[in-house]
Amino acid sequence: QVQLVESGGGSVQAGESLRLSCAASGNIFSFDTMGWYRQAPGKQRETVASITRGGGTNYADSVKGRFTVSRDNAKNTLYLQMSSLKPEDTAVYYCNGNIAAPLTGWRQYWGQGTQVTVSS
């Protein structure tokens, strides 16, 4: 069974940095595009950043220049380096991946989420 587990969230002051990690485990054939999403209280879940297997990246306008998404395919791990954090970045951050596994083939998986709180 495939699982995605996020870590690295926490509470910081505005202007500080955090690095989120998302480790994939289980019987995995391959990964395709993976990404980070976030959901703030009372708001819909939104895309933060994504990265293809080949390393192509895409960012929400609100985080461009501040956040960097990366992946280590050998370690089955996705990262999100967040710098110059703002209070409006406060949300639960979720990892998502398009992953191929025995029996299930290709499907989307979600992590359980990690809280990021930025105070002014």
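The legends below describe an overall view and four close-up views of a predicted model. Residues are numbered from 1 along each chain as its sequence is written, and side-chain values use heavy atoms, with hydrogens and water left out. As the model is predicted, local features need pLDDT of at least 70 and side-chain atom pairs count only at pLDDT 80 or more, while totals for chains, interfaces and linings use all residues.

**Figure 1. The protein chain as a whole has zero helices and eleven strands.**
Helices (H or I, at least four residues) and strands (E, at least two) are DSSP runs, numbered from the N terminus. Read from the N terminus, the order of elements is β-β-β-β-β-β-β-β-β-β-β. The chain is as compact as a globular protein of its length, because its radius of gyration of 14 Å is close to the 14 Å that the globule rule gives for 120 residues. That radius is taken over C-alpha atoms, and the rule is 2.2 Å times the number of residues to the power 0.38. The C-alpha trace spans about 45 × 25 × 25 Å along its principal axes. Of the 120 residues, 41% count as buried; buried means under 20% relative accessible area, exposed over 50%, and partly exposed in between (1.4 Å probe, protein chains only). Among the contacts with a separation of 6 or more, 54% are between residues 24 or more positions apart, where contact means heavy atoms within 4.5 Å. The chain has 11 positive and 8 negative charges, and their mean positions are 4 Å apart. In this count Lys and Arg are positive and Asp and Glu negative, without His and the chain ends; each charge is placed at NZ of Lys, CZ of Arg, CG of Asp or CD of Glu.

**Figure 2. Close-up of Arg38 in strand β4 (residues 30-39).**
Arg38 counts as buried because its relative accessibility is 5%. The side chain of Arg38 makes a polar contact of 2.7 Å with the side chain of Glu46. Another polar contact, of 2.9 Å, links the side chains of Arg38 and Tyr93. A polar contact is a pair of N or O atoms within 3.5 Å; within protein, one must be able to donate a hydrogen and the other to accept it, and residues adjacent in sequence count only if both atoms are side-chain atoms. Not counting residues up to four places away in sequence, Arg38 also touches others, including Val48, Phe67, Asp89 and Val92.

**Figure 3. Close-up of Thr114 in strand β11 (residues 114-119).**
With a relative accessibility of 12%, Thr114 counts as buried. A polar atom of the Thr114 side chain lies 3.3 Å from the backbone nitrogen of Gly9. Beyond four places in sequence, Thr114 touches Glu6, Gly9, Leu20, Ala91, Val92 and Tyr93.

**Figure 4. Close-up of Gly15 in the loop between β2 (10-13) and β3 (18-25).**
Gly15 counts as exposed, since its relative accessibility is 52%. Leaving aside residues up to four places away in sequence, Gly15 touches Ser84 and Leu85. Pro87 is 72 residues from Gly15 along the chain, and the C-alpha atoms of the two are separated by 9.2 Å.

**Figure 5. Close-up of Ala60 in the loop between β6 (57-59) and β7 (67-72).**
Ala60 is in contact with Thr47 and Val48, apart from its neighbours within four places in sequence. The C-alpha atoms of Ala60 and Ser50 are separated by 9.2 Å, and these residues are ten apart along the chain.
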